[in-house]
Amino acid sequence: MQKRRIGPAFVPGPAFDVGDAVVVIAIIVALYVGVRLAFQAPAVIRGPEINLSPRALPWYALLSLGRMAAAYLLSLLFSLTYAYAAARSRLGNRVLLPIIDILQSVPILSFLPVVVLSLTALLPERLGIELASILLIFTSQVWNMTFSFYQSLTTVPNDLREAARIFRFNTWLRFKTMELPFGAIPLIWNSMMSWAGGWFFLMAAEIFTLGARDFRLPGLGSYLQTAANQGNITAVLWGLGTLITVIVLMDQFVWRPLLAWADKFKVETVEADEPPQSWFYDLLGRSWLLEQWQEHIISPLVERLDLAMVRSRAPQAEQPAHNPTRGERLWQGLAIGLVVVGLLYGLIRAIGLLQALSATTWLAILYGAAATFVRVLIAQLISLAWTLPVGVAIGLNKRLAAVLQPIVQIVASIPATALFPVILLFLINLPGGLNIAAILLMLMGTQWYLLFNIIAGASAIPRDLLYTTETLGIRGWDRWRTLILPALFPYLITGMITASGGSWNASIVAEHVEFAGQTHSTLGLGAIIARATAQADYPLLLGATLVMILVVLTINRLFWRRLYAVAEERYKLD
Amino acid sequence: MGTSTPNASTTSTNDRREPLIEVRNVSKWFGRGERRIIALERVNLKIYPGEFVTLLGPSGCGKSTLLRIITGLAQPSEGEVLYRGQPLRGVNPHATIVFQSFALYPWLTVQGNVEAALKARGVPAEERHQRALALIDKVGLDGFENAYPRELSGGMRQKVGFARAMAVEPELLCLDEPFSALDVLSAESLRGELMELWTSKAIPTQAILMVTHNIEEAVFMADRIVVMDKDPGRVVAELEVTLPHPRRRKDVRFIQMVDQVYAAIAGKTQPEEVELGSAPGEPGKTEMLPHAPLGALAGLLEVIAASGGRADLYVLGDELVMDLDELFPVVEAAERLGFAQVDRGDIVITPLGESFAEAGILARKEIFRQRIRRVPLIRWIYTTLLQAEDHRLPEEVFLRGLEQDFTEEEAKRQLETAISWGRYAELFAFDDNTDELFLEEPTPVPTV
């Protein structure tokens, strides 16, 4: 059973510091540039024709999968290089790490309008939207992967590092023999998590449409949305079936085999009792063809590459960077100066744009933020109320887990955004329907993180503590209070941080929808951002997006990170 | 055979040969200015071809640091290392290390681990396989080529470590406490096998340098024992071991040699009158608290008392199954608190130590409380707390104070030890919720 926590890890540190301010300003300036570009976005964008015939589905599935794959590969390349740079350079801890730390807690979906608008302004419409979706998925996937690989790189045991040096590994061999294998397992787990999260954003991007601008992309998401729009239940079922099939196939043919293969990279020096299993991996292992391929094509190629690398690059000592010369210092100073001036200029222009907003508008934004906050809170409480007992029951009972775990995994794998049009189909005509649907979307998108973390936490409670509690006759509420809740605490916090971030993201798509030719909107920050985009009210778009980012960042830093630190320090069971 | 000063240590045959390694006036320190910690101070050492040299000393004497400087993994702050007369720059390509923790890559097979070292030197595949297999064979691991390290016992893992180190045919083989992570039997057989390879010249290695804190091991294997001491790390003696191989532990001359080494170490680390030092922040050197677990202190005193008030340190370590590294802090603590005295390789209990050993739980606490109040570091914490408003102060206050004399890491350890002593003595304690130290009301001793 999976005992790992799923979610972001926080860098311990003060609530806010100078580095954070710089990163936040950089985000503001980037948003400002995006919004300026949005002024030039085409006023009317025609959406794709979606064919509801089941025969079109494989093509749509392939398109969606293609976007996912492109974004994932981009994320992987980025995380490897960025993490490497961060771990190696002196700037790493001071600059590169805080950047990831902030970006991982920013609600990425709030960028959606700005990103699609600015890219359609820069590029041919369709290409712009395609790129925007990939960029969006990328930004949703990359931070936790980067962070995980960075942590692996900085925690390679010292003796392994020294062995690499004394045996004269050069940079390439060190990476291939030591650093990549050491980071492989966390990287794969984070990739799985990123991939699952990516579906959520892809579906959101594929169904994104505002006023006269139809940003939809042909794919599974838009297929489902069109089907729901037309009330075509058969097509909805076909679409959902295809989506689930794609997800299950990915799990069986990519992730499980990868995990089973990566088991050899674990550092524990004892055999685990339950190594990850994959029938497909076992099948591959028995394949004669694959063995030949490996032996006669792959191995010689790798061998050649290795020797070429060894001969071309002499081993370099892992030494701290040399002291910069005066010339280098000058250039560095100049570069930093330019960046600072650029940022300040951008900030001033951004503030200039924001001055178009009246005090009442700001008040409305804050009011909307409060409404969304309440929705997020309700969604969180509902998730907690059912996942806590269910998760603990599954985590503590191996037989129950064996039956329920696979089912839960499949249900959880359906991206909530794909289901959203279907929910709307049933709820939109009820009083307060959109409000309920919005909370439901937040719930569906995030409760699984909580559930998985709780299951992981419960199954990680040491047997001896459970037995002791039992022998001491501690039962009922006392058992929860003395054993289960404290043991779960780190897992709960990690789960809730992820869930809270996801809920804020969901608000962008959930609070303002165009369904069956009609526009529905409810009170909330997400709705304000969407409306601003639809009405081309760019100062409002900038202001509302900024407020959302700052609110979430503040909640993360002031609330979640402190709890996270407490969990790490006091409630860790190892 | 006998103790000699470092300068006069080399025998006449060595004088005519050129040393393989020459360590010249090497010092190493960490940090700067006031907080500078000296790990090594003006170390001089020569290693000649054909020699097996061990660096022996308590933990913190810088022996591992010295090994890393000799191999080029670390740079000296001052002085230089010559290899065959040439100053060493970067990692020494002619040296390898066998690590205490094996340092095998868990995702590579036995063969993969050995081959990795060869691959890094650009040896082509075919030759690599053959050389790796031959070495795996030589260390007696044939049949395990495709096993992963986690499938092997500790002793077998270290054999892989040896095979990997010997694969690149180093001129200087460095062993960093290679047997201390192994069980007694595996360690003993591996020592024997290494000595066989070495004395029969089955490996092209020119010299071996081993770091250890196990005196018997040093006497069993080495031609020359370099004794080091801490605060600051330095060489205090060099002893030639001229016993013929294979050496037998029951041999009278072997035991004499071991005693001699013990005397060389214990005689240096324990000054006759207990130097208490000063409190942090005060002028003068702040004496470190030895990191001794209190259970072990009580246990030690009980054992000495039971054996008539006097025990041979060497025999004692054996009896308690404690390494030098574990035993010495406890002995130091006993000495510092006036419970025992070290006398030429023996430890002698004082009347105070005797009454401590015989006392009950609460009476022991009382004695301990009185004694540790005399330790400046403890007194400093106690009086500082006494002056504080509600007898409570954040941990930070003490850490900052300690950091004037110790590294950040050592300051933390010092405070940890101080807190565990203070807790036992019921002088002061630590509140984990607020990270504060506070004074405790002592439990009165019952007058039964």
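Colleague: Happy to dig in! How many residues of domain 2 of chain B are in contact with domain 3 of chain B?
Modeller: Glad to help, and please keep in mind that this is a predicted model. The domain assignment of chain B places domain 2 at 290–373 and domain 3 at 375–448. On the domain 3 side of the contact there are 16 residues, and on the domain 2 side the number is 11.

Colleague: Which helix gives the largest share of the side of domain 2 of chain B that touches domain 3 of chain B?
Modeller: By class, this side of domain 2 of chain B has five nonpolar, one polar and five charged residues. One helix, spanning residues 361–372 of chain B, supplies seven residues of this side. That largest share belongs to helix H13 of chain B.

Colleague: How far apart are the centres of domain 2 and domain 3 of chain B?
Modeller: The centres are taken over C-alpha atoms of the two domains of chain B. On that basis, the separation between domain 2 and domain 3 of chain B is 23 Å.

Colleague: Which strands stand at the edges of the sheet E15-E17-E16 of chain B?
Modeller: The strand order E15-E17-E16 (chain B) describes an open sheet with antiparallel pairing. Two of its strands, at 392–394 and 428–431, have a single partner strand each, so one side of each is left without a neighbour in the sheet. The edge strands of chain B are therefore E15 and E16.

Colleague: Which residue is the bridge partner of B:Leu393 in E17(B)?
Modeller: E15(B) and strand E17 (residues 436–439) of chain B run antiparallel and are joined by three bridges. In E17(B), the partner of B:Leu393 is B:Leu437.

Colleague: What angle does the direction of helix H15 of chain B make with that of E15(B)?
Modeller: Helix H15 of chain B covers residues 395–402 and packs on the sheet. The strands it touches are E15 and E17 of chain B. Its direction and that of E15(B) make an angle of about 65 degrees.

Colleague: And for the sheet E12-E14-E13 of chain B, which strands are left with one side without a neighbour?
Modeller: This is an open sheet of three strands of chain B, paired antiparallel. The strands at 310–312 and 340–343 have a single partner strand each, so each has one side without a neighbour in the sheet: these are E12 and E13 of chain B.

Colleague: Which residue stands opposite B:Ala311 in E14(B)?
Modeller: E12(B) is joined by three bridges to strand E14 (residues 346–349) of chain B, and the two run antiparallel. Opposite B:Ala311, in E14(B), stands B:Ile347.

Colleague: Which helix of chain B packs on this sheet, touching E13 and E14?
Modeller: The helix spans residues 324–336 of chain B. Its direction makes about 115 degrees with that of E13(B). The helix is H11 of chain B.

Colleague: Let's turn to the backbone: what is the phi of B:Phe102?
Modeller: Most residues other than glycine have a negative phi. B:Phe102 sits in the loop between E7 and H3 of chain B. Its phi is positive, near 75 degrees.

Colleague: Is the peptide bond from B:His245 to B:Pro246 cis or trans?
Modeller: B:Pro246 is in the loop between strand E11 (234–240) and helix H8 (252–269) of chain B. With omega near -10 degrees, the bond from B:His245 to B:Pro246 is cis.

Colleague: Which element gives the largest share of the side of chain B that touches chain A?
Modeller: In this contact, 25 residues of chain B meet 25 residues of chain A. Strand E7 (95–98) and helix H3 (110–119) of chain B are the elements that give two or more residues to the chain B side. The largest share, three residues, comes from H3(B).

Colleague: Which helix gives the most to the side of domain 1 of chain A that touches domain 2 of chain A?
Modeller: The C-alpha centres of these two domains of chain A lie 20 Å apart. Their contact takes 32 residues from domain 1 and 31 residues from domain 2 of chain A. With six residues, the helix that gives the most to the domain 1 side is H8(A).

Colleague: Last one: how are H7(A) and H15(A) oriented to each other?
Modeller: The axes of helix H7 (residues 171–206) and helix H15 (residues 416–427) of chain A come within 7 Å and cross at roughly 45 degrees. That crossing makes H7(A), relative to H15(A), oblique.

How values were computed:
Residues numbered from 1 in each chain as written. Chains lettered and ligands numbered in written order. Predicted model: local features only at pLDDT ≥ 70, side-chain atom pairs only at ≥ 80, totals over all residues. Axes fitted to C-alpha atoms, helices over the stretch in contact; angles between N-to-C directions. Helix = DSSP H or I, 4+ residues; strand = E, 2+ residues; numbered from the N terminus. Parallel < 35°, antiparallel > 145°, perpendicular 65-115°, else oblique. Contact = placed C-beta atoms within 7 Å. Domains from an automatic or database assignment. Nonpolar A, V, L, I, M, F, W, Y, C, P; charged D, E, K, R; others polar. Pairing = 2+ DSSP bridges.
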